[in-house]
Structures are given as C-alpha cells and as structure tokens.
Amino acid sequence: MSDRGNRVCPVERAGSLDNRIRRWFQNPQKILRPYIKEGMTVLEVGCGPGFFSVDMALMAGKSGQVIACDMQEGMLEKVRDKINGTELEARIKLHKCEENKIGVSNHVDFVLLFYVVHEIPNKEGLFNEIWSILRPKGQVLIVEPPFHVSKSAFEETIKKARSVGFVDTNGPNMLFHKTVILKKG
Ligand SMILES: C[S@@+](CC[C@H](N)C(=O)[O-])C[C@H]1O[C@@H](n2cnc3c(N)ncnc32)[C@H](O)[C@@H]1O
C-alpha cells in the first residue's frame with residue numbers, strides 16, 4: 001500500500017462522504033440490511049459525518065442503540081448537528097475514540113468499519129478490542145475503497161483479523177470494493 005495508506009480523512013472532506021450522489025451508489029439500508037436487525041446494539045468505528053450511523057439507527061429501531069465513534073471531534077459534531085432535536089438523538093451515542101483505542105465497553109451485535117481500517121495504524125489492537133466487545137454471534141463488516149487500498153494490503157488486514165481468532169467470509173458485492181465479514185471462530 002502507498003504511504004497515503006493511513007492518512008486520516010480530514011473533516012473538510014466530510015461533504016464528499018455525505019451526499020445524495022453517494023446514496024445512489026451506496027444505499028446504507030441496502031448494504032446493511034442483512035446484518036442489522038431491530039433491537040441490536042451496533043457500533044460504527046470511524047463514523048465520519050454519519051452517512052451510515054443515521055440509517056443504522058433507523059434499522060436498529062427504538063429498542064436498538066448505535067455507538068458512533070470517531071477520533072475527530074469535528075466529525076462527531078457533524079453527526080450531532082444532524083440528529084439534534086430528532087428522535088435519533090436518544091438512539092445514537094457519540095463517542096470520541098483515540099487513534100489506537102476505541103474505548104467502548106458495551107457489548108455489540110454488529111460493527112461497521114467502512115473506509116476506515118486503512119487509516120488505523122494498529123490493526124491487531126483494533127481487532128482485539130472488537131473481539132472483546134463483540135457478542136458470540138456478532139458480525140463485523142469491513143469495506144475498503146477500490147484503488148486506495150491494494151489487494152495485498154487488504155489480505156494483510158484479513159490475516160491480522162484471523163490472528164486474533166476471527167473467521168472471514170465474503171462481504172456484500174460492491175463494485176471494485178474490498179469487503180469481508182468477520183465472525184468469532
Ligand atoms: C474516510 S472516512 C469514512 C467515514 C465513514 N465511515 C463513511 O464511510 O462515511 C474515515 C473516518 O475514520 C476516522 N478515523 C480514522 N482513524 C481512526 C481511528 N484510529 N479511530 C477512529 N476513527 C478513525 C476519520 O476521522 C474519518 O472520520
């Protein structure tokens with residue numbers, strides 16, 4: 001992978017992650033429907049401006065909970081602005097994490113890592129932490145971008161997940177993207 005690999009996406013680019021054009025190509029509900037059910041507790045690591053978190057909250061329903069975490073307060077602020085004064089405010093817990101620590105202790109049924117794993121330097125640490133909070137039948141969906149992350153870098157990531165104990169299966173089909181589902185072995 002190039003040295004652009006783990007550069008963190010700046011808050012100024014939030015608009016390119018949260019717009020109608022993206023929704024045409026990447027409808028969050030279509031992508032996440034097989035994994036998120038009503039009443040689940042779900043975590044998004046690197047939520048950015050909340051393109052997925054908001055739909056995750058709609059899908060988890062009134063009895064569910066979303067923990068949307070990001071290391072940049074500016075990104076969390078964008079999510080806060082979107083949900084302030086709506087019923088989703090009670091369903092989405094915003095959490096500022098550290099670069100190498102998620103720092104969430106709730107047990108979760110599903111974890112979304114969308115366009116973020118390549119930005120996280122300590123991937124073993126990430127997978128260990130997710131393992132410790134993921135419920136036994138829980139699932140983790142990783143999606144990495146088409147060109148920015150090479151096939152070999154993605155395979156390295158999967159190897160690191162396996163070394164922690166995860167087993168992997170194919171993720172959803174998304175044109176040119178790299179996707180995988182991790183479960184506890
Ligand atoms: C390319 S954006 C993707 C945002 C969102 N997942 C999406 O697809 O719209 C990557 C996000 O991950 C966050 N991020 C990067 N490294 C992180 C880390 N170590 N822990 C938590 N968040 C991180 C960045 O701040 C940024 O908001």
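Buried here means under 20% relative accessible area, so V117, with a relative accessible area of 0%, is buried. Keep that cut-off in mind as you look around, and remember that this is a predicted model. A good way in is to start with the pockets, the largest of which holds about 870 Å³ of space, and then move on to two helices and a handful of single residues.

**The largest pocket**

- The largest pocket has 44 lining residues, and the ones closest to its centre are C9, L17, Y115, H118 and E119.
- Four elements give two or more residues to this lining: α1 (14-17), α2 (20-25), β1 and α6 (123-133).
- Helix α6 supplies the largest share, three residues.
- Sorted by class, the lining of the largest pocket comes out as 21 nonpolar, 12 polar and 11 charged residues.

**The second largest pocket**

- Next comes the second largest pocket, with a volume of about 170 Å³.
- Its walls are made by F25, Q26, I31, P146, N173, M174, L175, F176 and H177.
- Six residues of this lining are nonpolar and three are polar, with no charged ones.

**Helix α7**

- Helix α7 runs over residues 151-164, which is 14 residues, and spans 20 Å from its first C-alpha to its last, close to the 20 Å expected at 1.5 Å a residue.
- Which residues of α7 are buried? They are A153, F154, T157, I158, A161 and V164.
- These buried residues sit on the same side of α7, because they cover an arc of only 145° around the axis.
- Look at the face turned away from that buried side and you'll find the exposed residues K151 and S163.
- As for what covers the buried residues of α7, the list includes α6, β5 (134-144), β6 (166-170) and β7 (178-184).
- Just after α7 comes G165, with a positive phi of about 125°.

**Helix α4 and the loop before it**

- Helix α4 (residues 53-60) is mostly covered, with seven of its eight residues buried.
- Those buried residues are S53, V54, D55, M56, A57, M59 and A60.
- Right after α4 you meet G61, which has a positive phi near 75°.
- Back in the loop between β1 and α4 sits F51.
- Is F51 buried or exposed? At 4% relative accessibility, F51 counts as buried.
- Leaving out neighbours within four places in sequence, F51 is in contact with L17, D18, N19, R22, R23, Q26, P28 and K82.
- One of those partners, L17, is 34 residues from F51 along the chain, yet their C-alpha atoms are separated by 6.9 Å.

**The loop between β4 and α6**

- V117, the buried residue from the opening, belongs to the loop between β4 and α6.
- Not counting residues up to four places away in sequence, V117 touches K123, L126, I142, E144 and T157.
- The C-alpha atoms of V117 and E155 are 12 Å apart in space, and the two residues are 38 apart in sequence.
- Y115 lies in the loop between β4 (108-114) and α6 as well.
- With a relative accessible area of 22%, Y115 is partly exposed.

**Two residues with an unusual backbone sign**

- Most residues other than glycine have a negative phi.
- Y115 is a residue other than glycine with a positive phi, near 55°.
- F176 is another residue other than glycine whose phi is positive, near 65°.
- Where is F176? It's in the loop between β6 and β7.
- F176 is exposed, with a relative accessible area of 56%, and F176 also helps line the second largest pocket.

**Strand β1 and T41**

- T41 is part of strand β1 (residues 41-45).
- The relative accessible area of T41 is 15%, so T41 is buried.
- Beyond the residues up to four places away in sequence, T41 touches Q65, I67, H107, V108, D109, F110 and R135.

How values were computed:
Residues numbered from 1 in each chain as written. Predicted model: local features only at pLDDT ≥ 70, side-chain atom pairs only at ≥ 80, totals over all residues. Heavy atoms only, no water. Buried < 20%, exposed > 50% of the residue type's maximum accessible area, 1.4 Å probe, protein only. Contact = heavy atoms within 4.5 Å. 1 Å grid on protein atoms, 1.4 Å probe; cavity = no way out; pocket = protein on both sides within 12 Å on 5 of 7 lines; lining within 4 Å. Points joined across faces, edges and corners; volume = space filled by probe spheres on them. Nonpolar A, V, L, I, M, F, W, Y, C, P; charged D, E, K, R; others polar. Expected span 1.5 Å × (residues − 1). Arc of directions from axis to C-beta.
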